[in-house]
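User: Please take a close look at one part of this model, the salt bridges. I would like the pairs and how accessible their partners are.

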Amino acid sequence: MIIKKTLFGMAAGLLLIHKAYAAVPSSDPVIRVDTAYHSGPIYGVEPLPDNERLVTISHDKTVKIWRSRDFKLLKTLRIPIGDAYEGNLDSIAVSPDGKFIAVGGWTCWQWDQQGCVYLFDAATGKLQHSIERLKNIIGALQFSPDGKVLAIGLHGNGGVVFVDAQSFQVLAQDQEYGERVTGLSFSSNGYAVSASNDGYLRVYDPQFKLAARVKVPEINRIADSYFSPDGKRLLVGSYDSPLIQILSLPQLQVEHSLRTAPGQSSLKTLRGAVWSQSGEFIYGAGDSDSVHETEILRWRITDLSRYETIKVAHRIQSIRPHGQNGVIFSTEDASIGVINDQDSVARISDTHLVQSPIMSDEFRVSADGKQVTFPVSITDNRDFMFDIERLSLSESGSVPGLKPKNRTQKRIQLTHWQDNTTPVLNGQPLRLEPFEEIRSFSGTGKQTFLGTDWLLRAYDKNNQLSWKTPTPGAVWNVTVSGDDKWIVAVLSDGSVRWYRAEDGQESLALFVDRLSREWVLWRPDGYYASSENGDSLIGWHVNRGRGNEPDFYRAVQFEKQFYRPDLLRAQIGAMQMAANSSADSNPQPGQASAGTRQAVTLSGIMTPNFAEPAPGTFTLNQLNEIAPPRIQIASARAVQTPEGATELELTVEAEKNSRPMQDVTVYANLLPVAANEERRLDVNETDTFRRTFRFPVSGGDNLIRVEVNNGVSLGLAEQWVEVPAMSQAAPPKGDLYVLAVGVNRFDRISAADKNKVPDLKYAVNDAEKLAGLLGNSASNDGFNQVHVQLLTDSAQLPPSRQNILAALKVFEQAGPNDTVLLFLASHGFSDQTGNYYFLPQDGEYNDVESVLSGRNLSGKASTLLSWTDFFDNMRKAAGRRILIVDTCQAKSIFGEFDARSLRKRSAASLFPLLLASKGDELSQEYEPAQHGLFTHTLLEGLQGLADYNHDRRITLAELHDFSVPLVKKLHNPSAGAQTPQLIAPGSLANIELPLAQSN
C-alpha cells in the first residue's frame, strides 16, 4: 500500500535537508508535464456552490477548475513552486459564495521556512493574495459559513489559525497541538472543529475560543471531521481502521460507530467521511489492500445498520459532498469521480497518466536503454513501446529481448521499506531523510538503486550512498538497462526518465498521453522531439517572485528554438542521423529512379551527429529574453445579430513580457476568425492592449484560442466557452483561394548535377489539373467566388522563388468565411533539424548541398523556399486553410518527423495537411495518368468518387480515406510502399471542398 507523506505530521525543520533557503522563489525555468488533466495525484477536490464546477489540487503543483457534468477543463491556476515538495498542494477550500479558492500545502516553506496560503479569484483565475508567515506546512483549510473567516490547520504542532478573509489579519490561533491538523469543519451556527493526528478533537466557539478538547474512542489518529448539515452531529474518520464515529453535540459522545462487515470490504481505513448536503446519507472512503480497486461506502441515516458498497477502480484521496445526496472524489492516478444521489456506479473522468503507482513487470527496458515498454493502462493488456532511435511510439502485445524491471531484485535484500521510513539494505539500516519512503528499487551486481518520494538514490556494494538525484515526483518504478549504464525510472507525473548510472544525471524524459497517444521526449536543457501535438504536453514554469502568479510557457511556443530531433536521437549512444535505404529495390543516394519523386540526397556526404547544439544556438537561460506576451481573456458572451446569427463578443487583454507585441490572432474551434488587417497592433498597443472581437460561433462548446506574437515567440491563451443554443441563420458563403505550384524543370541545376536533382515529369500536370478542377467549382453553391493562381513551368507566371513569395500574399485577403488551399509539387527535402525546403524553378544546387551537408542549419537559403515562407503566409489567412504537398519524399516537408510536426512547426499553424506518403516512403509518379500517384487519387476523389455520403461536399477526411486504398492498389511495389497522410488538429479534418467539375 502507498501512503503519502502528506498524511502524517511533518516537523518544521524537515526542509533543512534540502538546499539552503532562498529569500525569494527562483526564477529559473522549470520544465513540467502539463496536460488537460492533472499529471500527479489529486489530493483535494471541492465543488463550487453552483455544483456545476469542481476545483482540484494536485502534487503536480497546479489548481484546476472543471465542469462537473463532463469533467471538461476550464482553467489551470498556478502558484510559485520550488524543488522537491515545494508547491505540492494538499489542502483546498472554496468560499461559500464561490468567489475565492484557497489552497495550501508545502507552500512558501523553501524560501521562508514558514508556510503560506494562496487565494485565487474563482472567476478570473487570478492569484489575488497570499497569507504568509504561518508557523508550519498547511494541512487543512476551511471557510466559515458566512465566508468571513478562513481557518488554517498546520502541520507539526502549528495548530489552528483563524484569519479574517478580507483583511487577512489573524483573529485567533491555538498552538497547543501534539501533531498536525488533519481536518477542519464549521457548523451552520459558527462553531469550528479541528481533527488532529494527536487523537484529539477540538471545538471552538464563534469567538474562536477553545470550548472542548476530547479524545475520540477507538481512534488514535483522526483523519478528518465533518459537521452534519444541521450542526447537531459530527463525523470522525480514522487512519487506524475502517471505522467512522458519529458524535453528538454538544456532549461529543459516540452516538453510532460505523464499521465495515468482516469479510465484506477490502478497506483498511475510513479516513474520508462526509454527510450528503441533504443530511440523508453518510459516505466513507479510505485505503484498500487492493492496488487496482477500492470502495466507497454509503449509509442511509434512517438505517445505519447496513451500508451499500460502490466499487471504484482507483485509489481515492479525497471525498466531498456534491449535489443533494451525492459526492465527488479524487484519486491517486489523477482522475475525478462523481456519485449522484443514489447511483450505484461512479462516473469517473479519464486520466492521461499511463503509469500506475504499482506497475507490473511489463515495464521493460532494452539492453542499451534505447527502447522501453509499459502498459497502456492498469487494466489494458497492450503495451506501449517507445524507440529513441526511431523517435516512435507503437503498440504491441509484447516486445522480445526487453528485460523486466525485477531481473536483478533477487540479488537485493531490502526489508522494512514499504510504508516505512527505516529500510534495511542487505542487513544494514539506511538513513533516509525525514518522512522519505522508498517506492521502488532495482540494481546490478555492483549497485542498488532506490526510488523514493522525491529522490533517486544509488548505493555501492558496501551499502554506501554513491549519489542522490532530486526527482519531480515519487519514483514509482525503477529499472536498469542491460548494459548497466542507464537507470530508467517511472515517476508519479507519468513520465519515464533516463538517468546515468555512474552519477545520477538526468539525460532524457518521456511523457506519453494515454488517451491521445501523443508523446514528447525532452532533455533537461529543453531540446525536444515530439508527435504532432506532443509539445503541448510540457512547458516551462517561471516564478515571478513571492505571491505573484507565475508564467507558464508550453514548448510549442518555442518550437523554432527547441524542436531538435537530431539532438534527441544522439542523446543515448551515437546514432546515424540520416536514414539509408535498406531495400535493394529502393533508389540509392544520389540517383534518380524512373517513376519516383525522390528526396534530394548527396552521395558521399556524411550526415553529422549533433550531440550538442551548435555554437550560438538558443539556450534555456535566454528564455526570458524572448518570453511571449501575457494574455487574459477578460470576458466572453454570446450575442445575436439582427440577422439572426449568433456571435461571440470576446474581450482580450495582453501585456508584453520581453519584446514589443506585433499582432493578435483569435481562433474559434481552431479556425482563425480575425482577418489579417484586424490583427495588427497600433504603435500604442505594443506594450499593453485591450481589444474586443466579434465573430460567428455555433451553440454548445467553442474552443477559443488567442495568440499574440512578439516576432520571436507566441503568447497563448485558450478557454472553452459554452454558447447557448439560439436560432441560427445560415452562415454566409465565402470565397475559395487556390494557389497551385508545380515545377518540372530546374533551370539553375547544371547538367552535372541533374543525376542528384533530376527534372520531374508530372508536377506541372498535377498543379494545372487541380487548379482547373477547383476553378470550375465557382458554379457550385459552396463559394461566392473562386480565385485561382497557377505557377508552373508553362503558366504565365513561372514558379520562381520571388513569384511564389509574391503569390502567397493573396492569402492575406481571406476572411473568416473563406477557404484557402495551397498545393505544392516539386522536389522537397529537409536538413537534420527538420527544416523543410521547397525547390523552385530557379533554385541552385549550392544551396541544396549546403542544407543537406549540414553546413546550413539556419532554416533559410537564398534560392530555396523554407517551410516558414509557406507557414507564415498561410498564418495570415483567416477562415479554413489547407496545405497539400506532393514533393518527392513527403516526410521531407518536416524533416525527420514531418508527418507529425504540423503544430510543432508553429504554434499558430492550425491547418490540415495532406501528404503524399509517410516519412519513410517515397511518393511515386503514375505513368498511365501522367500525374503523381497521390495527386491522381486526389483528382479522382474531387470529381465525385470521394463523396461517400453524396452531399456534393467532400471533406478532407473523405478525400484522404478515398486516396489511401487507391494509392495502395496502384502503387509500384518495386519502388516501395506509399501511404498518404492526413494531419488535421481537432475537427479540421471536416473542412469541406466542393465537388469539382471537370473541363
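Analyst: Arginine 546 is partly exposed, with a relative accessible area of 24%; partly exposed means between the buried limit (under 20% relative accessible area) and the exposed limit (over 50%), with a 1.4 Å probe and protein chains only. Its partner, aspartate 112, is buried at 11%. The two side chains meet in a salt bridge, N to O, at 2.6 Å. A salt bridge here is a side-chain nitrogen of Lys or Arg within 4 Å of a carboxyl oxygen of Asp or Glu. The pair links distant parts of the chain, 434 residues apart. Arginine 546 sits in the loop between strand 48 (538-542) and strand 49 (551-554), and aspartate 112 in helix 1 (residues 109-112). Helices (H or I, at least four residues) and strands (E, at least two) are DSSP runs, numbered from the N terminus.

This is a predicted model, where local features need pLDDT of at least 70, side-chain atom pairs count only at pLDDT 80 or more, and totals for chains, interfaces and linings use all residues. Residues are numbered from 1 along each chain as its sequence is written, and side-chain values use heavy atoms, with hydrogens and water left out.

Now the other pairs. Arginine 306 and aspartate 303 form a salt bridge at 2.9 Å, N to O. Arginine 306 is exposed at 60%, while aspartate 303 is partly exposed at 25%. Arginine 497 bridges to glutamate 506, with the closest N and O atoms 3.1 Å apart. Both of these residues are buried.

Salt bridges also join into a network, which links Arg67, Arg69, Asp70, Asp701 and Glu722. A search of the whole structure finds 53 salt bridges.
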